[in-house]
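Reader: I've got the model open and want to talk through some surface patches, ring pairs and long-range contacts. Can you take my questions one by one?

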Amino acid sequence: MKKLPWRNSLLLFLTALIWGVAFVAQSVGMDYVGAFTFSFSRCIIGGIVLIPCIWFLNRKKEGNREDSQERDPRKERRVCVTGGICCGMALFLASNLQQFGIKYTTVGKAGFITALYIILVPVLGLFMRKRVQGKVWVSVVLAVAGLYLLCITDGFSLGVGDLLVLLCALMFSVHILVIDYFSPRTDGVKMSCIQFFVCGILSGIAMLIFEKPSLDAILHAWMPILYAGVLSCGVAYTLQIVGQKDMDPTVAALILSLESVVSVLAGWVLLGESMSLRELSGCGLMFAAIILAQLPGSKEAGSVSNERKTA
């Protein structure tokens, strides 16, 4: 039975909400620890948080005999591990490129460039023989225009940090497309758990090579690390995998890009930062793009989902 797209959209919006607020935790945590140390800590916590969830869901599935008879356990396990490793490697590159890029550029530029995955996802999808509806391309243009108004307040130029964040946007695009491929074929929660441990292990190796981690520094950053690990990793990335199941990856990218809108709103509400008319206009364009992308399309356009399932 096909899930309602608005249910998936809500899950992805909650993901963007958590990620947007997590920006505060991430910036505070970096005052105490390095980028690789922060990524290692949050991902390991995120993976550990999901273990009891997996145990509970497995107990629930044991009572469904019909479901267990239809599946090949060994094949599903192989797909889950492969998907988790691929997602974990993409997440490792994307998250750490973003963190290092932020050191050399402004937060506004970083937010705008990272959200270019809105454009990169459908462009990369074309190489995977995925057709994109015309209304989605219009939504992409509206969303990018909104992000520009929201994030860029001064002159725009590309530096070293900007290029690092651009590579981060490319890797987040790959991450979204990898999830789009594997999530309909396996258990999303298990795959999410594997991706965190893979990302955490890779970040831990880089941490030992390039940084000098200390337990005291990690303990000083316990609150932002815990938020990023439990909510941003354990909850949000799992919601992303579950929400993207049977959903157009371009539309998913548009909804996830609301992270930048939420981060500005979080600064406004939690930190008392004011919003200009320009920034409010950017938020309005972003929401318009999301609504347009979610409007029912033509019967011909609906064949995109069917092509993706049979690919």
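Reader: Which helix does leucine 14 lie in?
Author: This is a predicted model, so keep that in mind throughout. Leucine 14 belongs to a nonpolar surface patch, together with Leu10, Phe13, Leu17 and Phe287. With four residues, one helix gives the most to that patch, and it spans residues 5–29. Leucine 14 sits in that helix, namely α1.

Reader: Okay, and is leucine 14 buried, partly exposed or exposed?
Author: Buried would need under 20% relative accessible area, and exposed would need over 50%. Leucine 14 comes out at 32%, so the label is partly exposed.

Reader: What's the area of that nonpolar patch?
Author: Its members are Leu10, Phe13, Leu14, Leu17 and Phe287. Helix α1 supplies four residues. Together the five named side chains' patch comes to about 400 Å².

Reader: Which residues form the positive surface patch?
Author: One of them is arginine 78, which is found in helix α4, residues 73–103. Arginine 78 has a relative accessible area of 53%, so it counts as exposed. The patch is formed by Arg74, Lys75, Arg77 and Arg78.

Reader: On to the rings. How are tyrosine 181 and phenylalanine 182 arranged: stacked, tilted or edge-to-face?
Author: A search of the whole structure turns up four aromatic pairs. In the pair of tyrosine 181 and phenylalanine 182, the ring centres are 4.9 Å apart and the planes stand at 85 degrees. Planes over 60 degrees apart count as edge-to-face. That angle is why this pair is edge-to-face.

Reader: What relative accessibility does phenylalanine 182 have?
Author: Its ring partner, tyrosine 181, is partly exposed at 40%. Phenylalanine 182 counts as buried, for which the cut-off is under 20%. The value for phenylalanine 182 is 12%.

Reader: Which phenylalanines do ring pairs link into a cluster?
Author: Rings pair if their centres lie within 6.5 Å. Pairs of that kind join up into a cluster here, and its members are Phe36, Phe92, Phe100 and Phe210.

Reader: Now some long-range contacts. How far apart are the C-alpha atoms of threonine 105 and glycine 159?
Author: Threonine 105 is found in the loop between α4 and α5, with α5 covering 107–114. At 16% relative accessibility, threonine 105 counts as buried. Glycine 159 is 54 residues away along the chain, yet the C-alpha separation is 7.5 Å.

Reader: And asparagine 96 with valine 165, what separates their C-alpha atoms?
Author: Asparagine 96 lies in helix α4 and, at 4% relative accessibility, is buried. Along the chain, asparagine 96 and valine 165 are 69 residues apart. Their C-alpha atoms are separated by 9.4 Å.

Reader: How far is alanine 115 from alanine 253 in space, C-alpha to C-alpha?
Author: Alanine 115 lies in the loop between α5 and α6, the latter being 117–127. Its relative accessibility is 5%, so alanine 115 counts as buried. In sequence the two alanines are 138 residues apart. In space, alanine 115 and alanine 253 are 8.6 Å apart.

Reader: Last one: what is the C-alpha separation of valine 136 and leucine 292?
Author: Valine 136 lies in helix α7, residues 134–151. Valine 136 is buried, because its relative accessible area is 1%. Leucine 292 is 156 residues away along the chain. The C-alpha atoms of valine 136 and leucine 292 are separated by 7.5 Å.

Notes
Residues numbered from 1 in each chain as written. Predicted model: local features only at pLDDT ≥ 70, side-chain atom pairs only at ≥ 80, totals over all residues. Heavy atoms only, no water. Patch = residues over 30% accessible without salt bridge, like charges linked within 9 Å, V, L, I, M, F, W, Y side chains within 5 Å. Areas by Shrake-Rupley, 256 points an atom, 1.4 Å probe, with all protein chains shown as cover. Salt bridge = Lys/Arg side-chain N within 4 Å of Asp/Glu carboxyl O. Lys, Arg positive; Asp, Glu negative; His and termini not counted. Charge placed at Lys NZ, Arg CZ, Asp CG, Glu CD. Helix = DSSP H or I, 4+ residues; strand = E, 2+ residues; numbered from the N terminus. Buried < 20%, exposed > 50% of the residue type's maximum accessible area, 1.4 Å probe, protein only. Phe/Tyr/Trp six-rings, centres within 6.5 Å; stacked < 30°, edge-to-face > 60°.
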